[in-house]
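Biologist: I am new to this structure and should like to understand the terms applied to it. Please show it to me, and then let us take the terms one by one.

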Amino acid sequence: QTTDPDIITGYNIEGYDFYFILERAKILNIENEVNKLARCTTSSCECRLQKNVGSAQRGFQDIRTTRIGGRVVMDAMVVIKEFYKLPQYSLNYVSQSLLKDDEKDDVHYTEITPFQLKNEFTRAKLGKYCIKDCILPLKLIQKCNLYGLNDAISSLTGAPLNKIIGKGQGGKISILFYHTLKSKDMIVEFKKLVAQGDYQGAIVLDPISGLHNNVIVLDFKSLYPSIMREYKLCVSTRVINASSDPNAPLPQSLEEKDITRIGDKGVFVKPEKATGFVPELLKHLGESRTSTKKLMNQAKKQGNEELETNLNVKQLAIKIIMNSVYGILANETTFRMADSAISECVTYIGRKMIETLKEYMNKKGFINDKYMDRIKEMEYWKNISKKEMEQLFELIEVVYGDTDSVMVKTGLEI
């Protein structure tokens with residue numbers, strides 16, 4: 001109450017500390033004292049158990065969430081799990097991995113009570129252990145810019161921090177969609193939540209086994225968001241109940257010239273009819289990220305490390321949001337604006353693009369007139385012929401590919 005913080009943080013405080021404090025307060029009948037943690041003392045502090053929370057990618061589990069009136073609870077463990085893939089998430093392991101030379105003091109939980117009861121020296125060691133447990137989460141938040149990243153996501157989506165931190169993608173993207181729809185005077189019909197259906201995901205090319213030298217990686221920048229932008233894939237442009245048979249009549253008096261067919265996966269109206277709010281949103285975010293990265297590079301050249309760090313956090317937040325849009329549109333079990341048919345179309349196009357790129361590289365399609373003109377602008381290559389260039393890359397081969405990239409063995413001896 002003296003410092004009146006906006007954010008309360010710690011490590012696994014929602015999974016253990018707050019739950020333990022609130023449960024002990026009930027037993028001791030001092031809940032009113034614990035409620036003083038809140039900014040508004042008339043509201044109570046609560047720790048709730050939510051069952052089966054998560055996603056198909058991250059898995060499902062029971063979690064505890066804490067509500068403290070007027071303050072945001074930022075559990076460093078929850079946030080690190082969201083942004084970092086680590087083998088384990090104990091404070092000791094995370095500190096060693098992310099802070100490198102820092103780790104918590106070694107006191108096993110079974111030693112806490114004996115240390116407290118023994119003497120002043122063991123209590124001093126226990127006190128140091130507790131202080132380090134408070135300092136390490138703050139160091140992690142600062143080093144990994146966890147607050148800055150969540151604040152940037154909050155600013156970009158319009159969702160408050162307590163709807164961002166540890167709350168998954170659905171809430172923040174819903175709020176972002178609401179703001180976008182309102183600005184366009186549009187409404188979207190909410191769908192009933194249903195069991196998640198199956199559809200074919202990203203492609204994984206069969207690898208060519210062996211140890212390969214001189215391999216280059218070619219990847220598509222923001223592949224899935226780019227596909228949605230290019231083909232105008234949106235819940236507001238998909239033609240519902242359209243047959244995959246081009247000879248069948250189309251609903252809503254549409255004609256074949258008005259639509260785009262994505263294989264047999266989905267039918268969408270062309271931009272002349274409707275551009276869709278999702279592609280326009282992704283276009284805005286993509287352009288914003290590009291301009292932010294340019295400003296970040298300028299700040300780096302000027303030696304302005306603080307500005308460079310802040311801009312890097314912003315562009316990373318934009319990247320997370322753009323990728324979240326595709327993912328959440330596929331999740332019909334939790335997101336009421338989801339349409340898995342759109343995600344199926346996105347992965348269908350993505351697979352075709354990777355297969356096309358593989359064939360293009362294996363057949364040396366890049367050795368064309370435009371390529372040769374650019375090569376000959378360099379002094380060393382000015383006299384090389386197209387046939388000689390093809391011979392140079394005679395052994396070029398795609399050795400692997402996955403989702404949005406291919407790995408190409410050049411066959412060159414460098």
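Modeller: By the rule used here, the count comes to 17 salt bridges. The model is a predicted one, in which local features need pLDDT of at least 70 and side-chain atom pairs count only at pLDDT 80 or more, while totals for chains, interfaces and linings use all residues. Residues are numbered from 1 along each chain as its sequence is written, and side-chain values use heavy atoms, with hydrogens and water left out.

Biologist: What makes the pair R71 and D4 a salt bridge?

Modeller: The term requires a side-chain nitrogen of Lys or Arg within 4 Å of a carboxyl oxygen of Asp or Glu. The N to O value for R71 and D4 is 3.0 Å, so the pair meets that rule. R71 lies in the loop between β3 (59-67) and β4 (72-75) and D4 in the segment before β1 (7-10), so the salt bridge ties together parts that are 67 residues apart in sequence. The strands named here are DSSP runs (E, at least two residues), as helices are runs of H or I with at least four, numbered from the N terminus.

Biologist: Why is R71 called buried, and why is D4 called partly exposed?

Modeller: Buried means under 20% relative accessible area, exposed means over 50%, and partly exposed lies in between (1.4 Å probe, protein chains only). R71 has 8% and therefore counts as buried; D4 has 38% and is therefore partly exposed.

Biologist: Which residues are linked with these two in a network of salt bridges?

Modeller: The network links D4, D6, R39 and R71.

Biologist: How do you know that E280 and K184 form a salt bridge?

Modeller: Their closest N and O atoms are 2.4 Å apart, so the rule is satisfied. The pair links distant parts of the chain, with E280 in helix α10 (residues 277-301) and K184 in the loop between α8 and β5 (215-219), 96 residues apart. E280, at 33% relative accessibility, counts as partly exposed, and K184, also at 33%, is partly exposed.

Biologist: Is S174 buried or exposed?

Modeller: S174 has a relative accessible area of 14% and is therefore buried. Its place is in helix α8 (residues 168-183).

Biologist: Which residues is S174 in contact with, leaving aside its neighbours within four places in sequence?

Modeller: They are F335 and M337, where contact means heavy atoms within 4.5 Å.
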